[in-house]
Amino acid sequence: MNNKNIYLIMLVISIIITGMTIAVSVNGTAGTKESLFNSPFVVFLFAAYVAIQVVCIFNIKGKLTMYRIGFYVLHCGLVIMLVGMFVYYIKGDKIVNVPVPVDGSTYSRIQRTAEETDSKASDSNFVDLDFALGFSDFKVEKYDDGSDKFYDAKMILVKRGVEEPEYKSLRVNYPIRINGWKIYLMNYENSGTGQIVDIMLKKNPGEYVTLSGIWMTIIGGFIMCLLRKRGAE
């Protein structure tokens, strides 16, 4: 297979993956049972893309130049990034729209929403954490028109084997990491019994692998595009 055919296949697969990613973003199906990324076809597609990147790495031969180094870094970064994504698809988890009352109680068993499960009566609806969490306080600041300006939740974390709980401030866009999970503050509501905080829990064991691959891709692209002309040999 010559270089032209390899690049053509890469282009086609890239267009397909990009289109599917856009579809997932628009439909909001990422992390749910109906997500396109849960399909075996998509796993095969990503595997094929990784294989093509590896072929590209070993297919380019000749004198070692800055451009070629950038090429290797970029394509190795793509492979590492996709491997990190595979790890998330296989080992990762995400639990969305988890309501937790602000009453000082802590919980180590979290129930998934109906959209995330196939059966409401199944034990798979629940995730048992190796820590307990809860909320002891919640504060909201308002603009003059009554809309939310800022809200802050005081989270209680109880780690296994540790008697004294930890208290941390959980804010929007500033997740808390604990035992492989990232906890996000999503929303809140006022019920008849008090305030309720909505959180999301996400486990991504391939996160740092993916980030490493992204940085390698950026650096490799920088070397190829800005430090040397494409035709340099």
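## Val50 in helix H2

Let's start with Val50, which sits in helix H2, the stretch covering residues 40-59. The model here is a predicted one, and in it Val50 has a relative accessible area of 14%. Because the cut-off for buried is under 20%, Val50 counts as buried.

What does Val50 touch, once residues up to four places away in sequence are set aside? The partners are Val79, Leu82 and Phe86. Ile80 is worth a look in the viewer too: Val50 and Ile80 are separated by 30 residues in sequence, and their C-alpha atoms are 8.8 Å apart in space.

## Lys182 in strand S7

Next, find strand S7, which spans residues 181-191 and includes Lys182. Is this lysine buried or exposed? Lys182 counts as buried, because its relative accessibility is 15% and the limit for that label is under 20%.

The side chain of Lys182 takes part in polar contacts with two residues you can pick out by eye. One, at 3.2 Å, is with the side chain of Tyr184. Another, at 3.3 Å, is with the side chain of Glu207. Glu207 also appears among the residues in contact with Lys182 when neighbours within four places in sequence are left aside. That list further holds Pro175, Ile176 and Arg177, along with Met200, Leu201 and Lys202.

## Helix H4 and a nonpolar patch

Helix H4 takes in residues 207-227, and Tyr208 is part of it. Tyr208 has a relative accessibility of 54%, so it counts as exposed; the cut-off for that label is over 50%.

Which residues join Tyr208 in a nonpolar patch on the surface? They are Leu211, Ile214, Trp215, Ile218 and Ile219. Taken together with Tyr208, these residues have about 620 Å² of accessible area.

## The chain as a whole

Stepping back, the protein chain holds four helices and eight strands. Read from the N terminus, the order of elements is α-α-α-β-β-β-β-β-β-β-β-α.

The chain has 233 residues, and 36% of them count as buried. Its accessible surface is about 14100 Å², with 58% of that area belonging to carbon and sulfur atoms. As for contacts between residues at least 6 apart in sequence, 54% of them link residues that are at least 24 apart.

How values were computed. Residues numbered from 1 in each chain as written. Predicted model: local features only at pLDDT ≥ 70, side-chain atom pairs only at ≥ 80, totals over all residues. Heavy atoms only, no water. Helix = DSSP H or I, 4+ residues; strand = E, 2+ residues; numbered from the N terminus. Buried < 20%, exposed > 50% of the residue type's maximum accessible area, 1.4 Å probe, protein only. Contact = heavy atoms within 4.5 Å. Areas by Shrake-Rupley, 256 points an atom, 1.4 Å probe, with all protein chains shown as cover. Patch = residues over 30% accessible without salt bridge, like charges linked within 9 Å, V, L, I, M, F, W, Y side chains within 5 Å. Salt bridge = Lys/Arg side-chain N within 4 Å of Asp/Glu carboxyl O. Polar contact = N/O pair within 3.5 Å; in protein donor to acceptor, adjacent residues only side chain to side chain.
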